[in-house]
Structure formats: C-alpha cells, structure tokens
Amino acid sequence: MTQKVAVLGTGKIGEALLSGMIGAGWAPADLLVTARRRERADELRARHGVTPVTNAEAAKTADTLILTVKPQDMGTLLDELAPHVPADRLVISGAAGIPTSFFEERLAPGTPVVRVMTNTPALVDEAMSVISAGTHATAAHLTHTEEIFGAVGKTLRVPESQQDACTALSGSGPAYFFYLVEAMTDAGILLGLPRDKAHDLIVQSAIGAAKMLRDSGEHPVRLRENVTSPAGTTINAIRELENHGVRAALIAALEAARDRSRELASGTKD
C-alpha cells in the first residue's frame, strides 16, 4: 500500500472511499484529493489528513487516479488530465454509463483503465462495487482496484458488457429499497402505527432479511416460503403484490435503468 492514490472530484462517495482506505491501512500521506472548491479540499485535509492537489498535480504524482466526477463532467476532466497522465498510470472510473473506450481514446495509448460501478452504501462500508477491465488493464490492475474498493464493501468482476445491467441492479439498487421502505412506512401509518414505529419495524426487518439472504445460502423463494403459511397473512399480501403486477413493474424498472445507462454510454444526455 505504498503507491500514491488520487481521488479526483472528491464528493461523498470519494470521501467514503478515502475513509475506508485509511481504515484498511493506507497511509493518509499516500492519498491525494482534488475538489472543485478550496473549502472542500481544506475540509478533507482536516478530516482525513490527506493532501489536496490540483488535477494536473494528481496526474503527475499519483500511481492510481480514481475519477469520481459526474458523467457529464468527465470529458472536461479528461481534457485537463490528458497532457499530464503517463501511459503507466492506472485510471479508475467511477462514472455511470461511460465505457473504458471513452478514456482510452482520450489518454495516452496503452493507458490501463478500469471501470467501477459502486453504490451509496459505500458510506457505511457496505458497498457493492462492480469492476471491469479496459483493453490495457491487467489482472494486477484489477486486483489493485479490488483492494481499494474492498475497503468499503464487496467487489465483483464482470465483463464490461454487463456493466449496464449491474448499474441497473446495484448502482441504482439502494434507491429501490428506499422507495419500498417509504411505501411500507406509509402503509404502516394507514394501518394505525406512528411513523417512527413503522419505520423501525420495517428497517430492522429489512436488515434481518438481508442478512438471512447473505448468510444462509438459501434461495429467496425458500426463505419466502418459510414465512408463508397456508391461508395466512403473508400469502394474502403476496397475492395482492402479484395482482398489482409488482414483479413485472420491477423488471420493467430495471430494464429502464439499464437502457438509460446505455444511452449515457452512447452520449445521449437528455
């Protein structure tokens, strides 16, 4: 962990990554950050002991560059970085929908690029980060990327052709669960519970269910069947979910998210 790593455009996810890396053993002195506002850079230095630099300085100094700016800002950032990034730098992109070819075309020939789709549970070290190699990235580059993003959760390697699907499932995935909790909380209020009690009941149930899915090794159908008694309350609820097309709506929603990721990759912004 003696290589220098720079996080460019350090927002909430970038800061969570820094915090996780420091907790995993990276020395703050080996971590560089860039931020649009000077106040933000000073805040990161005070909070984590990292070194704020300019984008050009990061490109010249760091062994690994992690680009965490918004997708619509990536082209401008690459224009700024391109004159300063040697071909032996590892460039990691955290921007949704942008393929590794977008970076390879704008950087020095042979530059290794790795594409990562992480999600907001990185803020609590429970991220799901999906990693794909570009044309010039080696197994060592992928392992190094896994070491970095493993500091804030789990990692999974996939072919880049599967990135849009992974973005739909896990990149946007937390929002679906928040939406479900919101709806279930409203239902709890309708059933006569105070909002805070409904919220606590649902959140703890969600945590417990997630741990059972992760740790039991059981198929979700089996776990659901274990809760579903003949002519009981659960099967009546499941029937209503099916009657209202919830399963079909979820499939359609994820397809829409995947399609939007493809549109971003093709340059369609609106």
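## Exercises on a predicted model

UniProt places the feature "domain: Pyrroline-5-carboxylate reductase dimerisation", from an unreviewed entry, at residues 160-264; UniProt positions are given here in the numbering used for this model, feature names are shortened, and annotations may be inferred rather than shown by experiment. The model is predicted, with local features needing pLDDT of at least 70 and side-chain atom pairs counting only at pLDDT 80 or more, while totals for chains, interfaces and linings use all residues. Residues are numbered from 1 along each chain as its sequence is written, and side-chain values use heavy atoms, with hydrogens and water left out.

**Exercise 1.** Describe the chain as a whole, and then the two annotated spans, by secondary structure and by the separation of their end C-alpha atoms.

*Solution.* Begin with the chain, whose secondary structure comes to 12 helices and 8 strands, where helices (H or I, at least four residues) and strands (E, at least two) are DSSP runs numbered from the N terminus. The C-alpha atoms fill a box of roughly 70 × 40 × 35 Å along the principal axes, and of the 270 residues 37% count as buried; buried means under 20% relative accessible area, exposed over 50%, and partly exposed in between, with a 1.4 Å probe and protein chains only. Next take residues 4-97, which the UniProt annotation "domain: Pyrroline-5-carboxylate reductase catalytic N-terminal", also an unreviewed entry, covers: this span is 40% helix and 19% strand, and its end C-alpha atoms lie 27 Å apart. Finally, residues 160-264 are 83% helix and 0% strand, with end C-alpha atoms 15 Å apart.

**Exercise 2.** Characterise the surroundings of phenylalanine 102, including its aromatic partner and the charge over its ring.

*Solution.* The structure holds 1 aromatic pair. Phenylalanine 102 and phenylalanine 103 form this pair, which is edge-to-face, at 5.8 Å centre to centre and 80° between the planes; by the criterion used, rings of Phe, Tyr and Trp (its six-membered ring) pair if their centres lie within 6.5 Å, and planes under 30 degrees apart count as stacked, over 60 as edge-to-face and the rest as tilted. As to burial, phenylalanine 102 is partly exposed because its relative accessible area is 21%, whereas phenylalanine 103 is buried, at 0%. The last step is the charge: the charged end of arginine 106 sits over the ring of phenylalanine 102, 3.7 Å from its centre, the cut-offs being NZ of Lys or CZ of Arg within 6 Å of the ring centre and within 35 degrees of the ring normal.

**Exercise 3.** Which backbone angle sets aspartate 125 apart, given that it is not a glycine, and where does this residue lie?

*Solution.* As background, most residues other than glycine have a negative phi. Aspartate 125 has a positive phi of about 60°. This residue lies in the loop between strand 6 (113-117) and strand 7 (127-133), and counts as partly exposed because its relative accessible area is 42%.

**Exercise 4.** Locate alanine 231 and state whether this residue is buried or exposed.

*Solution.* Alanine 231 is found in the loop between helix 10 (220-227) and helix 11 (233-243). Its phi is near 60°, a positive value in a residue other than glycine. With a relative accessible area of 75%, alanine 231 is exposed.
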